[in-house]
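Okay, thanks for making the time, everyone. Let me put the model up on the screen, and then I'll talk you through it.

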Amino acid sequence: MRNLLFVLLACAAAGIAGAVLAHEGATGIVRERMDAMSAMKDAMTAVGRMLKGESPFDAVVVGEAAETIIEQGERIAARFPDNQESRQHPSEAREAIWAEFDRFEALAGDTVEAAIALSSAAADKDRTAIADAFATLGKTCSACHEDYRKPE
Ligand code: HEC
């Protein structure tokens with residue numbers, strides 16, 4: 001029960017409750033990072049559905065989702081260059097990213113670290129550890145969005 005609650009909270013925190021096609025019209029680096037963020041969202045959704053019992057439990061799928069987030073998470077900082085292209089409409093990136101880039105980069109590191117924990121929980125096929133790691137991971141997404149992504 002406690003885990004299910006965490007999962008629901010993590011889904012809400014990661015902003016995966018309602019899919020929004022905010023990236024319509026985006027090009028270049030903005031488009032690229034929106035697609036990368038969407039890939040992470042899809043990975044979170046796949047695991048979230050499983051933990052809610054909406055799809056069959058499969059540790060392999062969890063492992064793949066974790067790998068996607070590790071891969072994309074490692075590239076977050078590089079996808080926010082401090083230039084004009086990065087500030088293009090319809091980007092939801094906040095100016096604070098570039099004023100506090102070290103913190104922004106550290107928050108991206110937290111996501112990678114949490115995804116690595118999810119990956120090892122998946123390798124152990126440990127459902128409780130997967131649920132806990134998933135909840136922690138979801139919080140790292142929202143920790144960054146709170147300060148650096150404009151509300152829709
Ligand atoms: C270090 C900061 C940071 C982390 C960590 C982060 N995001 Fe984001 N995310 C952003 C920013 C900034 C934007 C807005 C980008 C833009 O519009 O240019 C964004 C946008 C998004 C979007 C909207 C994409 C679109 O098409 O408009 C989704 C979905 C998303 N993030 C999901 C996630 C998920 C899921 C995680 C965790 C696994 C995550 N993010 C981790 C900073 C972060």
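I'll go from the overall fold to the iron site, then the aromatic residues, and end with a cavity and one alanine.

Before anything else, please keep in mind that this is a predicted model. The chain has 152 residues, and 41% of them are buried. As for secondary structure, we have 6 helices and 0 strands. So if you read along from the N terminus, the pattern is simply α-α-α-α-α-α.

Right, the iron. Which residues hold on to the iron atom of the ligand? Two side chains do: Met37 through its SD atom and His145 through NE2, at 2.0 to 2.4 Å. Methionine 37 sits in helix α2, while histidine 145 sits in helix α6, which covers residues 127-148, so this pair ties together parts of the chain that are 108 residues apart in sequence. What about the geometry around the iron atom of the ligand? There are 6 donor atoms, and the angles they subtend run from 87 to 179 degrees, which makes the arrangement octahedral.

And are those two side chains buried or exposed? Methionine 37 comes out partly exposed, because its relative accessible area is 27% and the buried class stops under 20%. Histidine 145 is also partly exposed, at 22%.

Now the aromatics. The count here is 3 aromatic pairs. Take phenylalanine 80 with phenylalanine 104: the ring centres are 4.9 Å apart and the planes make an angle of 70 degrees, so we call the pair edge-to-face. Phenylalanine 80 is in the loop between α3 (59-73) and α4 (96-99), whereas phenylalanine 104 is in helix α5, so that contact ties together parts 24 residues apart in sequence.

Then there's phenylalanine 104 with tyrosine 148. Here the centres are 5.4 Å apart and the planes are at 90 degrees, so this pair is edge-to-face too. Since phenylalanine 104 belongs to helix α5 and tyrosine 148 to helix α6, the pair ties together parts that are 44 residues apart in sequence. How buried are these rings? Phenylalanine 104 has a relative accessible area of 2%, so it counts as buried, and tyrosine 148 is buried as well, at 3%. Phenylalanine 80 is buried too. Put Phe101 alongside Phe80, Phe104 and Tyr148, and you have one aromatic cluster.

Next, the cavity. Searching the whole structure for cavities of 30 Å³ or more turns up 1. The largest cavity holds about 50 Å³ of space. What lines the largest cavity? Arg33, Ala36, Met37, Met40, Gln72, Ile76, Arg79 and Phe80 do. Two of those names should sound familiar: Met37 is an iron ligand, and Phe80 is part of the aromatic cluster. Helix α2, residues 28-51, gives the most to that lining, with 4 residues. By class, the lining has 5 nonpolar, 1 polar and 2 charged residues.

Last stop, alanine 106. You'll find alanine 106 in helix α5, which runs over residues 101-123. Its relative accessible area is 44%, so alanine 106 is classed as partly exposed. Its C-alpha is 9.6 Å from the C-alpha of cysteine 144, and the two residues are 38 apart along the chain.

That's my tour; over to you for questions.

How values were computed. Residues are numbered from 1 along each chain as its sequence is written. This is a predicted model: local features need pLDDT of at least 70, side-chain atom pairs count only at pLDDT 80 or more; totals for chains, interfaces and linings use all residues. Side-chain values use heavy atoms; hydrogens and water are left out. On a 1 Å grid over the protein atoms alone, a cavity is a set of points where a 1.4 Å probe fits but cannot get out, and a pocket is an open set with protein on both sides within 12 Å along at least five of seven lines; lining residues have an atom within 4 Å of a point. Grid points are joined across faces, edges and corners, and a volume is the space filled by probe spheres set on the points. Helices (H or I, at least four residues) and strands (E, at least two) are DSSP runs, numbered from the N terminus. Ala, Val, Leu, Ile, Met, Phe, Trp, Tyr, Cys and Pro count as nonpolar, Asp, Glu, Lys and Arg as charged, and the others, Gly among them, as polar. Buried means under 20% relative accessible area, exposed over 50%, partly exposed in between (1.4 Å probe, protein chains only). Donors are N, O and S atoms within 2.8 Å of the metal (3.2 Å for Na, K and Ca); water is not among the atoms, so sites may look incomplete. Four donors count as tetrahedral if all angles lie between 85 and 135 degrees; four count as square planar and six as octahedral if opposite donors are over 155 degrees apart and all others between 65 and 115; anything else is irregular. Rings of Phe, Tyr and Trp (its six-membered ring) pair if their centres lie within 6.5 Å; planes under 30 degrees apart count as stacked, over 60 as edge-to-face and the rest as tilted.
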